[in-house]
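Q: I'm new to this structure and would love a close look at one part of it. Could you take me through a strand and what pairs with it, and then on to the open spaces elsewhere in the model?

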Amino acid sequence: MIQFDSNMTLEILLDNVMAEYMQVAMVPSGRIERRPTVDSDGNQLIVLRALCHYEEGCPRNYSEFIASAIENEQTIGRKEAFAWWARSRLRYSCSTVTAAITQFFVPSLNAAGIAHLRSVTLDANIKMENLEIYTIGFIPKTTEVVELTSPRYTKKEPIQPLIWFEGYRPHCSHNFMKCKESGIIVDCTLGQFLGTMKPYIFSDMDKFLTQVPGEVLYYSKTNQSDIDQQVGRDSAGFRSLISPDSTPNRFTKRVLRSCHQKKEYCINCKGISSIGSNLKTCTGCKVAKYCSRDCQELDWRSHKLVCQDLREGP
């Protein structure tokens, strides 16, 4: 049985979930082929070479992602490129991640004797088995589109796909988790809409709703039958052939092993080191790791709030 460090926090778990999800996800992301433009429908659109992270040539981190734009003579700003990195890596992830955490991670943590995890953000302990999946429907303020190209196909996929639900206008659907005891909201894939790669933890629903990028139409607890269907899709046999660790059971073991081994990844983009190089360490705290100076500078506004505390230790 995996033994966990006593300093394990909810944020550490969620960071590892995001980092490992990118490595095994079968949703293609890839390299920048053409910088963002406005399409005929008025949406922001970027063209990416369709690759999954386990395929050769797919950028392993944000530094390689923005380098692919330079290689293709495409001009794009650092912040804009990072937002597209996050959107392309996290899209379609919310239902898979929330189902894995509630249906697989929680039982595994309980078996290891971990019933609660502390949230550093809120300085609160959360009983993991009290996390329930919710669905929120909202009309997005903007629509971003990824155009994927490969030798076999070219297709467009919106970051905010619209669904038609009886009684509501066309809208985007998203899954998050709510603690039934404390009301705390946990959402590690909200960044697909906000252009970030960090987990979000809110003290209550009202604070969460202020961050949803659009007009909220409804939110409600997700039916167990819908969760079971998602687990079934994520457990499909073909996944074991293409990306074995993408199945919920294997994914859970991979993430918990990553937490135990304290696997290194860029704290900002959640990417891994480039081949032949190591991640760079913050010279202040000697803890935070980055794939590049760009990622470190983009993260400084957040990191400077904790850099001194990490330097001083517990």
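A: Strand 6 and strand 7 make a hairpin, with four residues between them. Keep in mind as you look that this is a predicted model. Within the hairpin, strand 7 (residues 154-158) pairs with strand 6 in the antiparallel sense, over five bridges. To find one of these pairings, start at Val146, whose bridge partner in strand 7 is Glu157.

Strand 6 also pairs with strand 2 (residues 44-49): these two run parallel and are joined by six bridges. Here you can look for Val47, which stands opposite Glu147 of strand 6.

Now turn to the surroundings of strand 6. This strand covers residues 144-149, and six of its six residues are buried, so strand 6 is largely enclosed by the rest of the structure. In a regular strand, side chains alternate between the two faces of the sheet. For strand 6, both faces are covered: Glu144, Val146 and Leu148 are buried on one side, and Val145, Glu147 and Thr149 are buried on the other.

Next, let's visit another strand. His174 belongs to strand 9 (residues 171-179). With a relative accessibility of 1%, His174 counts as buried, because the cut-off for buried is under 20%. The side chain of His174 makes a polar contact of 2.7 Å with the side chain of Asp187. Leaving aside residues up to four places away in sequence, His174 touches a set of residues including Cys94, Tyr134, Thr135, Ile136 and Phe138. Asp187, Thr189, Leu190, Gln192 and Phe193 are also among the residues that His174 touches.

His174 leads us to an open space. The second largest pocket has a volume of about 650 Å³. It is lined by 28 residues, and those closest to its centre are Ser95, Thr135, Ser173, His174 and Asn175. Elements that give two or more residues to this lining are helix 4 (94-111), strand 5 (131-140), strand 9, helix 5 (191-194), strand 12 (214-221) and helix 7 (224-234). Helix 7 gives the most to the lining of the second largest pocket, with five residues. By class, the lining of this pocket divides into 12 nonpolar, 13 polar and three charged residues.

The largest pocket holds about 2300 Å³ of space. Its lining has 50 residues, of which Glu11, Asp15, Ile267, Val306 and Leu310 are the closest to the centre. Two or more lining residues come from each of helix 1 (10-24), helix 3 (78-90), strand 11 (200-202), helix 9 (248-261) and helix 10 (293-312). Helix 10 has the largest share of the lining of the largest pocket, at 10 residues. In this lining there are 21 nonpolar, 13 polar and 16 charged residues.

Finally, there is a closed space to find. The model has one cavity of 30 Å³ or more, and the largest cavity contains about 50 Å³ of space. Its lining is made of Met22, Ala25, Val27, Ser29, Cys52, His53, Ser88 and Arg89. Sorted by class, the lining of the largest cavity has four nonpolar, three polar and one charged residues.

Note on methods. Residues are numbered from 1 along each chain as its sequence is written. This is a predicted model: local features need pLDDT of at least 70, side-chain atom pairs count only at pLDDT 80 or more; totals for chains, interfaces and linings use all residues. Side-chain values use heavy atoms; hydrogens and water are left out. On a 1 Å grid over the protein atoms alone, a cavity is a set of points where a 1.4 Å probe fits but cannot get out, and a pocket is an open set with protein on both sides within 12 Å along at least five of seven lines; lining residues have an atom within 4 Å of a point. Grid points are joined across faces, edges and corners, and a volume is the space filled by probe spheres set on the points. Ala, Val, Leu, Ile, Met, Phe, Trp, Tyr, Cys and Pro count as nonpolar, Asp, Glu, Lys and Arg as charged, and the others, Gly among them, as polar. Buried means under 20% relative accessible area, exposed over 50%, partly exposed in between (1.4 Å probe, protein chains only). Two strands pair if DSSP finds at least two bridges between them. A polar contact is a pair of N or O atoms within 3.5 Å; within protein, one must be able to donate a hydrogen and the other to accept it, and residues adjacent in sequence count only if both atoms are side-chain atoms. Contact means heavy atoms within 4.5 Å.
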